[in-house]
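User: I am new to this protein and would like a close look at one loop residue, followed by a careful account of the surroundings that you can describe. Please explain each term as you come to it.

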Amino acid sequence: METMKFVVPPILIVCILVEAYCSGKENYDNYERKDTIANLSIAVISTIGNLMIKGFFYWVYNLIHERAIFHFEQGVLAWIILFFLTDLQFYLFHLLGHKSRFFWAMHVIHHSSQKFNLTTAIRTPFINSSFRFTSLAIFIVLGFSPTMVMTVDALVLTYAFFQHTEFIKKLGWIEHIFNTPSHHRVHHASDEKYLDKNFGGILILWDKLFGTFKEEEEHPVYGITKPLTKPHSVIHILTHEWVDIFKDIRKYPLGLDSLRLMFARPGWRPLPVKEKPGNSAIHFYAKAALLITTLIVVPVKSQGQSDANDLIAIGIQAENSQDDEVALQYYHQAFRKDPRSTNALTRASWLMNRQAGRAKNKYVMFIKADSARHLAMLALRHNKQETDSRLAYTVSLGMISKASKNPTEKLRNAMLIRKEAELILSIDSLCGPAHYILAKWHYELAKLTWLERLACKTLTEFPEDISFERSLYHYEKAIRLRPDYILFQYGKAATLYQKGDFIAAVSVLEHAIKLPSVEPDDHVRKAQCASLLTESKKFIQ
């Protein structure tokens, strides 16, 4: 253990420097200066704290060991048994850090960064170590020596350090037994389907045994579901959850609810919670409409699908009134009533896509689009031939690509988008939006310079059949099927503009501006048409 003290830290520092250099050289965008400084600052504070408490616990362990009823000999079998016990203890203690708000207030510090790199591994508070060392005392009682316990604990933590990287991809058969960077990327994700998964230390077997395992599929969105307001303030990073806990406790009288707010799962709140005054009128009328519908419908209809359809109808009313949040609430209620309601899932997915398109920053766009993707995937599980669900899924992939900074992910999603659009057309050849997606796909890739295409080819196989002509072909198909869609007209005009056919672009844009609005965002599209029309006219005057 003494050797590890002096050998391991320099190795970890060198690994951080190498990863940071490679990240900058390959434009991975997984390091950010202020975030890294915050991580290193927390690491320095934790190192000082750990030096103080580790000596204390080692002294306590020796006192316990001297009074233990029996002692394990330091043979191979003892080390193997202790390894499995320590790895299980890591899993259980890690699980507790996610299931109890008290422990989450400490552990959230490690999760709150929106970047994922080796410095994230050392973004841990030393107070968390105090509770971990306390739980390790059980192994001293069982007869293992303090040196053995601390050595195996250090081994597990050192292994865990190397899981915090994006440079190591899938590792084949190793993934089935050991925790790997791929598994741990899932653990650090804020995506709904990845939440509270993969708690293991060295082994992933505990997650598979206890049902907390999740394979890495799409690239995760890192961080926590409620991003920090001051993401680079060390004080805010260390204290924000404690502040929130005490704010919540102040809302309720001291008693059982206060204890639950401290120790129950994160997100738990006492029920019922009174609705705050000042809610918009549509919330009241929507709920009133739901109550009236329930009173009328329940006596004559069975529960489940019928109730879900009624909730969807109310959601559509809210959607038509431009209140997306209320509509989402009812769509969510609908598929809770009927988990197989592809209609509710698909409508919710389209709404999330719309919100992603309106987002003012890429992080919000990514979160909204990823939620849309997840909802569409749920719908597709029940009906893979449902074109509207598949369209919502495909559009969400486009939004995710737009928000992502990872060029590999962008290109991977681009290939998947084309595949999905062609699949939709194989199911329904008269699907105008699928033709639009393919038109947009050709347009975006045809715009790339030769240098950008060369860069793409180094990342993955780059398609050769890309052209503005193919884009126009699909735009024509889409417009023939839906001539009232301003979005299709604008896409065709943008392609003509890019080709240098400004006269044709002007003709399409003037026609588009005269069309009546049929979609909620058509006023935005008309503004885009007017702007492009002004630009196009400059080249033909």
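What is the relative accessible area of D196?

Analyst: The relative accessible area of D196 is 30%, so this residue is partly exposed, where buried means under 20%, exposed means over 50% and partly exposed is in between, with a 1.4 Å probe and the protein chains only. Before going further, it should be said that this is a predicted model, in which local features need a pLDDT of at least 70 and side-chain atom pairs count only at pLDDT 80 or more, while totals for chains, interfaces and linings use all residues. Residues are numbered from 1 along each chain as its sequence is written, and side-chain values use heavy atoms, with hydrogens and water left out.

D196 sits in the loop between α8 and α9 (205-210), the helices being DSSP runs (H or I, at least four residues; strands are E, at least two) numbered from the N terminus. Although D196 is not a glycine, its phi is positive, at about 55°. N198 is in the loop between α8 and α9 as well, and N198 too has a positive phi, of about 60°, without being a glycine. As for burial, D196 has a relative accessible area of 30%, whereas N198 is buried at 0%.

Helix α8 (residues 181-187), at one end of that loop, has the highest mean pLDDT among the elements, 94, while helix α12 (residues 281-297) has the lowest, 46; pLDDT is the predictor's confidence in each residue, from 0 to 100. Two stretches call for particular caution. Over residues 272-287 the pLDDT is below 50, and the model gives this stretch 14 contacts beyond near neighbours in sequence, a contact being heavy atoms within 4.5 Å. Residues 290-304 also have a pLDDT below 50, with 18 contacts beyond near neighbours in sequence. Over the whole protein the average is 83, and 88% of the residues score at least 70.

A helix residue, D87, can be placed beside this part of the chain. D87 belongs to helix α3 and is buried, with 0% relative accessibility. Although D87 and I202 are 115 residues apart in sequence, their C-alpha atoms are 6.6 Å apart in space. Apart from neighbours within four places in sequence, D87 is in contact with V156, G201, I202, L203 and W206.

Helix α3 (76-99) also helps to line the second largest pocket, as do α1 (2-25), α2 (33-66), α4 (101-111), α6 (126-141) and α7 (146-161), each with at least two residues. A pocket here is an open set of points on a 1 Å grid over the protein atoms alone, where a 1.4 Å probe fits, with protein on both sides within 12 Å along at least five of seven lines, and lining residues have an atom within 4 Å of a point. The volume of this pocket is about 1600 Å³, a volume being the space filled by probe spheres set on the points. Its lining comprises 46 residues, among which L12, N50, I122, T124 and L157 lie nearest the centre. The lining includes 25 nonpolar, 16 polar and five charged residues, with Ala, Val, Leu, Ile, Met, Phe, Trp, Tyr, Cys and Pro taken as nonpolar, Asp, Glu, Lys and Arg as charged, and the others, Gly among them, as polar.

Helix α2 gives the most to that lining, with 10 residues. H65 is found in this helix and is buried, at 17% relative accessibility. Not counting residues up to four places away in sequence, H65 touches H71, I140, G143, F144, S145 and P146.

Elsewhere in the chain, H442 lies in helix α19 (residues 432-446) and is buried at 2% relative accessibility. With neighbours within four places left aside, H442 is in contact with R418, D465, I466, S467, R470, S471 and H474. One of these, S467, lies in the loop between α20 (450-459) and α21 (468-481), and its C-alpha atom is 7.1 Å from that of Y443, which is 24 residues away along the chain.

For the protein as a whole, there are 24 helices and zero strands, and buried residues make up 47% of the 541 residues. Of the contacts with a separation of 6 or more, 67% join residues 24 or more positions apart.
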